[in-house]
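Biologist: Please take a close look at a single part of this model. I should like a connected account of one helix and of what packs against it.

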Amino acid sequence: MEIIITAIILCLLITWVIRIKKRTKYSYTEDSSNELQYNKEVPSLTSPLVYYGENLDFQDELLRKVLVKHFPYFTQLLPPDQDKFIIRLKKFIKTKCFIIHDIKGYREMPILISASAIQITFGLSKFLLPHFGVIQIYPQEFIALEPMRVLIGNVSGNTINIAWKQFLEGYRNGFDNNNVGLHEMAHALYYQNFETEEHIDKSFKDSFDLFTAFGDQIYMREKQRTIGLYSDYAMKNFQEFWAESIELFFENPGRLNSHYPELYNIICDLLCQDPLRYPYHNYPV
Ligand SMILES: [Zn+2]
């Protein structure tokens with residue numbers, strides 16, 4: 001009996017050590033100055049860690065440094081557009097509350113996750129997604145309830161939830177059509193315009209009708225697996241098809257354009273961005 005109990009305790013200990021190792025692997029341990037400082041005015045800062053964007057006060061220089069290091073979309077922008085990106089990013093961060101479900105928070109977390117929202121809305125006049133006041137960051141896959149399932153990201157109520165490990169992988173592997181940041185921001189942008197009564201972008205909403213009409217045909221074709229550009233997950237429903245279309249649009253615009261040029265052009269007009277022809281074809285805002 002004693003041996004069994006010792007074996008169980010040993011197994012639990014090993015699992016715990018593996019979990020801790022996995023968690024730290026994807027944190028920014030290389031430079032401890034990247035760690036977010038506790039704001040003493042905010043109560044109960046144990047776990048999760050809570051940071052109000054209005055208190056973060058990141059300087060332009062820091063934002064630029066983080067973006068240049070981790071965010072290829074930013075580095076490809078012309079200097080005036082980089083300035084616009086920074087201005088929008090600062091405004092976006094200020095309006096959000098970041099809840100980090102980990103023992104440490106890093107500056108890259110609010111900066112880069114907000115940057116993915118700025119990326120998708122960069123051509124639009126409304127970019128704050130005000131319905132979503134809360135961004136929750138998990139170290140990796142997390143469990144969601146009702147129904148109980150393991151997720152790497154979702155949008156629920158006024159909250160955008162993202163797994164940090166998978167978020168980073170999305171930008172590190174820039175051409176595999178997997179980018180949970182863009183995926184969840186696509187859902188958020190849709191819900192902001194179609195499920196809430198506030199801050200609606202009328203031209204986005206009108207253009208979305210065209211995406212629905214044309215996208216629906218492609219959705220049906222992809223269901224028959226004629227081309228197989230989309231994953232099985234995108235075939236779950238039209239909302240997932242929309243989110244994955246955005247991942248494809250930014251990660252593999254050439255492939256999307258060569259298979260479905262009409263859909264590519266519709267998304268260009270919808271987001272007022274053209275990744276294939278930028279900066280030669282730029283939409284004025
Ligand atoms: Zn989704």
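The reply below concerns helix α6 and its surroundings.

Modeller: The model is a predicted one, and the description of α6 should be read accordingly. Helix α6 comprises residues 108–121. One of its partners is helix α8, formed by residues 180–194. The axes of the two helices lie 9 Å apart and meet at an angle of about 60 degrees. Because angles of 65 to 115 degrees count as roughly perpendicular and those under 35 degrees as roughly parallel, α6 is classed as oblique to α8. The crossing of α6 past α8 is right-handed. On the α6 side, the contact is formed by Ile113, Ser116, Ala117, Gln119, Ile120 and Thr121. Helix α8 contributes Gly181, Leu182, Met185, Ala186 and Leu189. Sorted by class, the residues of this contact are 7 nonpolar and 4 polar, with no charged residues.

Helix α6 also takes part in covering another helix, α12, which spans residues 261–271. The buried residues of α12 are Leu263, Tyr264, Ile266, Ile267, Cys268, Leu270 and Leu271. Their cover includes α6 together with α9 (202–223), α10 (238–251) and α11 (253–259). Just beyond the end of α12, Cys272 adopts a positive phi of about 55 degrees.

In summary, α6 packs obliquely on α8 and belongs to the cover over the buried residues of α12.

Terms used
Residues numbered from 1 in each chain as written. Predicted model: local features only at pLDDT ≥ 70, side-chain atom pairs only at ≥ 80, totals over all residues. Buried ≥ 20, exposed ≤ 12 C-beta atoms within 10 Å, placed from the backbone. Helix = DSSP H or I, 4+ residues; strand = E, 2+ residues; numbered from the N terminus. Contact = placed C-beta atoms within 7 Å. Axes fitted to C-alpha atoms, helices over the stretch in contact; angles between N-to-C directions. Parallel < 35°, antiparallel > 145°, perpendicular 65-115°, else oblique. Left-handed = near helix turned anticlockwise from the far one by under 90°. Nonpolar A, V, L, I, M, F, W, Y, C, P; charged D, E, K, R; others polar.
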